[in-house]
Amino acid sequence: MGKTRFDFSGKRVLVSGSTSGIGAATARLFAESGARVVIHGRNADRAAALQDEIRAAGGTAIVALGSLDSDAGAASIVQQVEAEFGGIDILVSNAGDSQPYAADWFAVPTEDWLSSYNSNVGGAVRLAKAFVPAMRRQRWGRVILIGSSAYYLPIPDFPTYGPAKAALANVMVNMTKILGGTGVTVNMISPGSVLTETMQANLLPMAQAEGWSDIDPLAIERRLIAEKWPNAAGRMGRPEEIAATVAFVASEEAAYMTGAHIRVNGGESPSLH
């Protein structure tokens with residue numbers, strides 16, 4: 001694998017929801033940095049393609065397929081990981097449904113709210129319960145929860161997502177307190193608008209809902225940032241930029257960082273909070 005500024009040689013890393021977007025970029029970077037990576041998702045073809053890519057570059061990766069939306073599904077994933085790696089040292093909880101763009105807040109079914117909570121919070125909790133006790137016993141571990149700027153800057157167009165990520169921030173603080181002094185750090189990284197595959201798929205529907213005539217994705221991205229989700233950078237982030245932050249928080253250089261909420265949002269925060 002290529003040289004990076006991080007060294008995770010010998011570390012076992014599970015990145016949930018890593019068949020695309022931020023998760024895939026994070027899995028690639030950990031593999032490039034010497035880690036043994038677990039690719040997780042529900043799409044076998046995309047998982048296999050990423051595994052082949054990592055292995056072709058000289059890295060080590062296995063695939064654990066399944067949903068984290070139930071205890072049984074999570075248990076199956078845990079069994080797959082333990083059979084191959086015996087456990088993990090670093091958990092990156094990235095999996096979670098964002099729910100589609102909603103033009104009418106009041107038309108969103110209650111089931112979507114509950115599903116979003118179960119996916120974004122339930123999945124992370126299930127993985128933590130399975131893997132963190134072993135990290136505590138070995139006196140070293142990293143838990144990194146992927147949040148969203150939607151938790152502190154709610155977006156009405158995606159109404160179920162922000163509240164679920166806000167709950168995840170509470171989970172992060174809880175875990176930090178119970179793991180104090182164990183060598184296991186717990187942090188949350190909240191990206192702003194990031195041009196993932198999911199976001200790319202939503203660009204045109206959002207433009208159409210606004211009545212814009214733009215059909216060029218780059219033009220829509222710039223207009224969204226200028227008119228709806230302003231930030232100082234003037235653009236959306238890229239998955240690789242979030243992955244680099246994840247890697248730093250997992251590194252030895254960040255051993256003193258725990259209980260932190262890190263915003264990687266292009267400067268979109270309107271105030272100090």
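1. A residue counts as exposed when its relative accessible area is over 50%, and as partly exposed when that area falls between this value and the 20% under which it would be buried. In this predicted model, Phe-106 has a relative accessibility of 73% and therefore counts as exposed.

2. The aromatic pairs deserve attention next, and their count comes to four. One of them joins Trp-105 and Phe-106, whose ring centres lie 5.0 Å apart with the planes at 65 degrees, so that this pair is edge-to-face. Trp-105 also forms an aromatic pair with Trp-113, again described as edge-to-face, with 5.5 Å from centre to centre and 70 degrees between the planes.

3. As for how open these tryptophans are, Trp-105 has a relative accessible area of 41% and is partly exposed, while Trp-113, with a relative accessible area of 27%, is likewise partly exposed.

4. Elsewhere in the sequence numbering, a reader may wish to locate the aromatic cluster that is formed by Phe-6, Phe-8 and Phe-30.

5. Two contacts between a charge and a ring may also be examined in the model. Lys-11 lies over the face of Trp-140, at a distance of 3.8 Å from the ring centre, and the charged end of Arg-36 is placed over the ring of Phe-85, 5.1 Å from the centre of that ring.

Methods:
Residues are numbered from 1 along each chain as its sequence is written. This is a predicted model: local features need pLDDT of at least 70, side-chain atom pairs count only at pLDDT 80 or more; totals for chains, interfaces and linings use all residues. Side-chain values use heavy atoms; hydrogens and water are left out. Rings of Phe, Tyr and Trp (its six-membered ring) pair if their centres lie within 6.5 Å; planes under 30 degrees apart count as stacked, over 60 as edge-to-face and the rest as tilted. Buried means under 20% relative accessible area, exposed over 50%, partly exposed in between (1.4 Å probe, protein chains only). A charge sits over a ring if NZ of Lys or CZ of Arg is within 6 Å of the ring centre and within 35 degrees of the ring normal.
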